Amino acid sequence: MVGIDPKAATRTPPKTVVFRVKRYNPKSGREWWQEYKVETHRGMTVLDALLKIKEEKDHTVVMRYSCRMGVCGSCGMVINGVPRLACQTQIAEVADEGNPVVTVEPLYNFPVVRDLLTDFTDFFEKHRSVKPYLLRKDREEQEEPRGQYLVSPEEHALMYEFTLCISCGLCYAACPVAAIDPDYLGPQALGYLFRYVIDPRDEEWQMRLMIADSEHGCHKCHYAATCSMVCPKVVDPAQAIQRLRSLLFKYKLGLWRKKKTAPLSEKPKDWKPRKPLPPEAQLVSPDVDLERLESEPVTVEVDGKRVELRYTIYD
Ligand code: SF4
Ligand code: SF4
Ligand code: FES
């Protein structure tokens with residue numbers, strides 16, 4: 001596991017570190033390596049160093065970040081050849097006095113927009129394609145919820161690890177299959193898919209297994225497990241994919257079916273049906289002339305004064 005070295009923040013990195021940053025200019029198509037010397041301090045992360053470069057040396061360097069605390073998953077990049085979160089990587093982890101050089105590149109297997117900034121459109125499309133949300137058949141309960149679906153601590157423990165994914169894409173960048181098959185769903189999407197197959201509240205497990213069984217699904221995985229090695233949240237997508245394969249195999253032989261789904265709790269004593277929406281928030285009836293409603297002001301009385309209102313119709 002690459003993981004985080006909890007002691008790295010207590011070590012002092014080399015006083016001056018050379019950052020070799022891979023640059024890309026989409027207008028000219030030019031790619032090059034650029035070096036910057038950075039004065040460091042204890043506790044400094046790779047993202048801190050890149051921001052220092054941007055503020056003090058070269059404002060044209062482009063990268064993405066947001067939370068700066070390993071939660072949003074937006075600062076993924078390849079640091080010394082390994083996909084990592086820049087905000088979670090101490091310089092002391094990746095540079096020492098013997099080799100005070102850090103190379104930084106954009107994530108592999110993602111199109112590069114500019115410098116260290118990569119395009120996640122296709123990655124999120126794959127994420128969406130596995131329907132990463134609960135699917136239930138009890139439509140009435142969905143529209144008028146009365147209780148909660150009960151999940152035991154044991155059931156929760158089985159899927160907990162897979163709920164920690166922050167969709168940072170590091171696993172995808174480390175995957176050799178994603179490098180050669182751009183349509184491969186990849187470890188992140190398949191990990192999510194597995195999490196919903198085993199979630200006792202979900203009822204569409206058969207449909208999910210069919211997605212996993214597709215041409216670019218779990219059978220493509222080589223089980224190199226580099227995805228799991230680089231995950232900053234210690235999720236194990238390689239294991240999820242192997243377990244998906246095993247479930248699929250047993251399902252096809254008629255040896256596995258998901259047991260009945262999570263039961264609904266008792267209706268709480270203070271349960272009340274939802275209040276109907278106020279009349280002004282209800283959908284416009286089909287016989288209303290929308291164009292006229294938008295173009296002609298409506299006069300209403302507010303505190304004894306007549307006020308003209310104009311409606312805006314949203315689709
Ligand atoms: S499984 Fe880990 S590495 Fe992959 S997207 Fe989720 S958090 Fe990132
Ligand atoms: S285990 Fe499968 S998904 Fe993970 S890196 Fe290897 S080939 Fe990719
Ligand atoms: S900036 Fe949010 S995870 Fe690094």
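In which sense, parallel or antiparallel, do strand 8 and strand 9 pair? Keep that question in mind as you open the structure, which is a predicted model, and begin the tour at the strands it names.

**First stop: strands 8 and 9**

Select residues 298-302, which are strand 8, together with strand 9, and you will find that the two pair in the antiparallel sense over five bridges. To see one of these pairings, click on Val-298 and then look across to Leu-309 in strand 9, which is its bridge partner. The two strands form a hairpin with two residues between them, and in this hairpin Asp-303 takes a positive phi near 50°. Now select residues 305-309, the whole of strand 9, and ask how many of its five residues are buried. The number is zero, so strand 9 lies largely in the open.

**Second stop: the domains**

Next, colour the chain by its domain assignment, which gives domain 1 as residues 8-118, domain 2 as residues 121-252 and domain 3 as residues 279-309. If you zoom out until domain 2 and domain 3 are both in view, you can take in the separation of their C-alpha centres, which lie 47 Å apart.

**Third stop: the five-stranded sheet**

Move on to the open sheet of five strands, whose order is 2-1-5-3-4 and whose pairing is mixed. Select strand 2 (30-39) and strand 4 (82-85), which stand at the edges; each has a single partner strand, so one side of each is left without a neighbour in the sheet. As you rotate the view, notice that neighbouring strands of this sheet are turned by 35° against each other on average, with direction ignored.

Stay with strand 2 and add strand 1 (residues 16-25), because the two pair in the antiparallel sense over 10 bridges and, of the 10 residues of strand 2, the number buried is one, so strand 2 lies largely in the open. You can follow the pairing from Thr-16, whose bridge partner in strand 2 is Glu-39, to Asn-25, whose bridge partner in strand 2 is Arg-30. Strand 1 and strand 2 form a hairpin with four residues between them, and in its turn you should find Gly-29, which has a positive phi of about 75°.

**Fourth stop: helix 8 and ligand 1**

Now select residues 186-198, which make up helix 8. At 1.5 Å a residue, its 13 residues should span 18 Å, and its end C-alpha atoms are 19 Å apart, which agrees. Helix 8 is mostly covered, since 12 of its 13 residues are buried, among them Tyr-192, Phe-194 and Arg-195.

From helix 8, turn to ligand 1, because the largest share of the shell around this ligand, three residues, comes from helix 8. Helix 6 (170-174) also supplies at least two residues of that shell. In total 14 residues surround ligand 1, and the closest are Cys-165, Cys-168, Leu-170, Cys-171 and Cys-231. By class, this shell has nine nonpolar, four polar and one charged residues.

**Last stop: ligand 2**

Finally, centre the view on ligand 2, which is surrounded by 15 residues, the closest being Cys-175, Cys-221, Ala-224, Cys-227 and Ala-238. Which helix gives the largest share of the shell around ligand 2? Select helix 11 (237-252), from which three residues, the largest share, come, and then helix 7 (176-180) and helix 10 (226-230), which each supply at least two. The residues of this shell divide into 13 nonpolar, two polar and no charged.

Note on methods. Residues are numbered from 1 along each chain as its sequence is written. Chains are lettered from A and ligands numbered from 1 in the order in which they are written. This is a predicted model: local features need pLDDT of at least 70, side-chain atom pairs count only at pLDDT 80 or more; totals for chains, interfaces and linings use all residues. The expected span of a helix is 1.5 Å times one less than its number of residues. A residue is buried if 20 or more other C-beta atoms lie within 10 Å of its own, exposed if 12 or fewer, and partly exposed in between; C-beta atoms are placed from the backbone. A residue is near a molecule or strand if its C-beta atom, placed from the backbone, lies within 6 Å of it. Ala, Val, Leu, Ile, Met, Phe, Trp, Tyr, Cys and Pro count as nonpolar, Asp, Glu, Lys and Arg as charged, and the others, Gly among them, as polar. Two strands pair if DSSP finds at least two bridges between them. Domain bounds come from an automatic or database domain assignment. Axes are lines fitted to C-alpha atoms, for helices over the stretch in contact, and angles run from 0 to 180 degrees between N-to-C directions.
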